[in-house]
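Visitor: I am new to this structure and would like a close look at a single part rather than a tour of the whole. Please pick one region and go through how its pieces are packed, step by step.

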Amino acid sequence: MTTLTDPPQGSFHLSMLINDTRYRSMTFQVIAFILLSLSVGYLYSNLAANLQAQGLRIDFSFLGAPAGYDINQRLIEYTSQSTNARAAIVGILNTLLVAFLACLMATVFGVFAGVLRLSNNWLVSKIMAFYVEIFRNIPVLIWILIIYGIMTVSMPGARPYLGENPEREMLFGMFAFTNRGVYSPAPIWGEGSMVVVAVFILSIIGTIGYRRYATNLLYKTGQLLPMGWPSLVILFVPTIAIFLLMGQPIGLDLPDPLANRFNLRGGIQIGAPLIAIWFALSIYTGAFIAENVRAGIQAVSRGQTEAASALGLRSGRVMSLVVLPQALRVIIPPLISQYLNITKNSSLAILVGYADVTATLGGITLNQTGRAIECVVLMMLFYLTISLLISAVMNVYNNSVKLKER
Amino acid sequence: MKKSVLLGALTVAGLAAGAAAAGTLDDVKARGKLNCGVTTGLVGFAAPDANGEWKGFDVAVCRAVAAAVLNDPTAVEFVPTTGKTRFTALASGEIDMLARNTTWTFSRDVDLKFTFVGVNYYDGQGFMVPKALGVTSAKELDGATVCIQTGTTTELNLADFFRANNISYEPVPIETNAEGQQQYLAGACDTYTTDASGLAATRATFENPGDHVLLPEIISKEPLGPLVRHGDDEWGDVVRWTLNALITAEELGVTSTNINEMAANTTNPEVARLLGTEGTLGEMLGLDAEWSKRAIAAEGNYGEVFAKNIGEETPIGLARGLNAQWTNGGLIYSPPFR
């Protein structure tokens, strides 16, 4: 019974491709690959032949031609005379901007709601459950429209802020909230301002250094140094001192209500579409992340919490020092896919007129040039690249927090 | 994942091109229904009325073609299209013709491979502003926020106009006319720009139309007309001559009310040829002799269609202006039926 017979060393039969487990999976993979290649080839030749029949051909030269349209939200220099390629880049940067902002804010919302949903306080946990269920069960498209609609209708136009005696005062004389967006002051970088910035960066490094030193000291000798106020002192005092010493080189460019009869001029304008899409994506995806966080926390065995409590840690510390670091192992992988969702869902920005890459390259450029196939292929490449990049970066992070197995 | 999307895109493109190859006239006859692309809703030009029935100036062209080809002006499937989807819908064969206040331009004709069969409305791009702003000229719009339908020629004209006058603006791109109206009324933009006829139509639906003015500047030429795909000239001819029949009918005084009488008693050979009592024009088109009679009877001649949908008696209140018959000093002119 226990003896193993050698596999028969017979000749190779064609039927073995199906019947022999050694070859079977390979056979099916080869067949599937051939079928896939054939169908892709067929579709491509069909496309090429039909385009040929209509006298159209794949041609990317439109990218170098002037775009001819203007974009309201842009991070780089752009005019209607810039090329379609540049319009696409403006769109790409806008997509990245809103994806980045929404990922940050969704994480904050998600962690907050996920932790609070497990709160012992009945009201708090029910409110968070309500938030999660309401937001993740209504499509994000509808949230975007609702938030943008509310902003447009409930906020005033720009006009009440304009003129010598405006109907509405700006908040602190600096911030204006309109249905076109939020206007805020912009910094003016005067001479010597870089010194102030450099000092501030050094202060940040100094603060981190101090905290690390204090932690090490605590672990080595048990001596407890104060953390809070020295950090703040190191962070702000040198910067403020140098700012005053240099004669206040950084000024503020306030929104000016007198420069134009239609709009506030100057300062930074954060457009209403950006705010709407940013907030909608954050609050929608935040609900999903909250569930990930809850799952992660519940995956940490109760013994860990009890042990930490037994050591005398307060519940906040139990969460931040013991539970969350272990929960991250469970939270990170689904978090990656939520980040990917945010990035892809940002293509809904077109709905509210935010000029992301779907709106510029896949919208106006496609429309004005009629190069649908080219534009769609480029967009697919962009979204694929960016999704794979996010995935790669997050996987690196995942490797750094996952259980180290030795 | 990526591959499946690509496959999908290619399949759609492949099917689309395949559908475009067959003869549209035969397709329409076999289907018994004309698929006509219209706007998503622009009162006067194409919008469903209270009973859900499509009405309007562009709709009338669709109905005339359906009457000519299918002997039934109601055998039309109206496909609402946005500025962005209209060309793909036509190129893919989803619709047989597009009658959606679409501007005839060089690149759409030559590069996008469409055939504009004629012009049914000579338009130009204008601006609408609230009266309270006190703006009297488009050149005073420096710094204004402008609502603009994306994917239209107006988007490009707007950029050109502001550049030529060396003034700045903030565009707010919107998808549909209804959205533009909402943004404009909420004050999210200072001015709304599109074809002057469209502005008049939009303003007519406002609660207080008198609070809004159209600025005097017309910044572009916008010849609007129905279009079909390149490469199917038989079908193009059917749509072209249906439109011409409506125009010629007005010129010759043939209306939907007197058409039967005219067909029976006319001594004018031009009218007889137009209405098919003389000659074989219908046969040449691949239709029967009474095709144009049905087309005109469907919604009336060009002048009747104009007066009923967008003329001065309607809330939209557009004067004939450039769109008067050439005999009255306008640009509406049909080649002869001969």
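Guide: Two residues count as being in contact when their C-beta atoms, placed from the backbone, lie within 7 Å. With that in hand, the place to look is chain A, and the model is a predicted one. The domain assignment splits chain A into domain 1 (17-53), domain 2 (84-185 + 254-401) and domain 3 (186-253). Domain 2 of chain A is thus given as two stretches of sequence, 84-185 and 254-401. Taken over C-alpha atoms, the centres of domain 2 of chain A and domain 3 of chain A are separated by 29 Å.

Start with helix 3 (residues 84-117) of chain A and helix 4 (residues 122-136) of chain A. Their axes come within 8 Å and cross at roughly 135°. Angles over 145 degrees count as roughly antiparallel and those from 65 to 115 as roughly perpendicular. The angle of roughly 135° belongs to neither range, so helix 3 of chain A and helix 4 of chain A are oblique to each other. The crossing of these two helices is left-handed. On the side of helix 3 of chain A, the residues in this contact are A:Ala113, A:Leu116 and A:Arg117. Facing them from helix 4 of chain A are A:Val124, A:Ser125, A:Met128, A:Ala129, A:Tyr131 and A:Val132. By class, this contact of helix 3 with helix 4 of chain A has seven nonpolar residues, one polar and one charged.

Next comes a second helix pair, helix 5 (residues 140-154) of chain A and helix 8 of chain A. Here the axes come within 9 Å and cross at roughly 140°. Helix 5 of chain A and helix 8 of chain A are therefore also oblique to each other. Their crossing is right-handed, while that of helix 3 and helix 4 of chain A is left-handed. Helix 5 of chain A brings A:Val140, A:Trp143, A:Ile144, A:Ile147, A:Tyr148, A:Met151 and A:Thr152 to the contact. The residues of helix 8 of chain A that meet them include A:Ala272, A:Pro273, A:Ile275, A:Phe279 and A:Tyr284. The contact of helix 5 with helix 8 of chain A divides into 16 nonpolar residues, one polar and no charged.

Helix 8 of chain A also leads to a sheet. Three strands of chain A form this open sheet in the order 1-2-5, with antiparallel pairing. Strand 1 (176-178) and strand 5 (268-271) of chain A are its edge strands, each pairing on one side only. On average, and with direction ignored, neighbouring strands of the sheet are turned by 15° against each other. Strand 1 of chain A and strand 2 (residues 181-184) of chain A run antiparallel and are joined by three bridges. A:Thr178 has A:Gly181, in strand 2 of chain A, as its bridge partner. Helix 8 (residues 272-299) of chain A packs on this sheet and touches strand 2 and strand 5 of chain A. The direction of helix 8 of chain A makes about 55° with that of strand 5 of chain A.

Put together, helix 8 of chain A meets helix 5 of chain A and packs on the sheet. The other pair, helix 3 and helix 4 of chain A, has its own contact, with A:Arg117 among its residues.

Technical notes:
Residues are numbered from 1 along each chain as its sequence is written. Chains are lettered from A and ligands numbered from 1 in the order in which they are written. This is a predicted model: local features need pLDDT of at least 70, side-chain atom pairs count only at pLDDT 80 or more; totals for chains, interfaces and linings use all residues. Axes are lines fitted to C-alpha atoms, for helices over the stretch in contact, and angles run from 0 to 180 degrees between N-to-C directions. Helices (H or I, at least four residues) and strands (E, at least two) are DSSP runs, numbered from the N terminus. Angles under 35 degrees count as roughly parallel, over 145 as roughly antiparallel, 65 to 115 as roughly perpendicular and the rest as oblique. A crossing is left-handed if the near helix is turned anticlockwise from the far one by less than a right angle, and right-handed if clockwise. Ala, Val, Leu, Ile, Met, Phe, Trp, Tyr, Cys and Pro count as nonpolar, Asp, Glu, Lys and Arg as charged, and the others, Gly among them, as polar. Two strands pair if DSSP finds at least two bridges between them. Domain bounds come from an automatic or database domain assignment.
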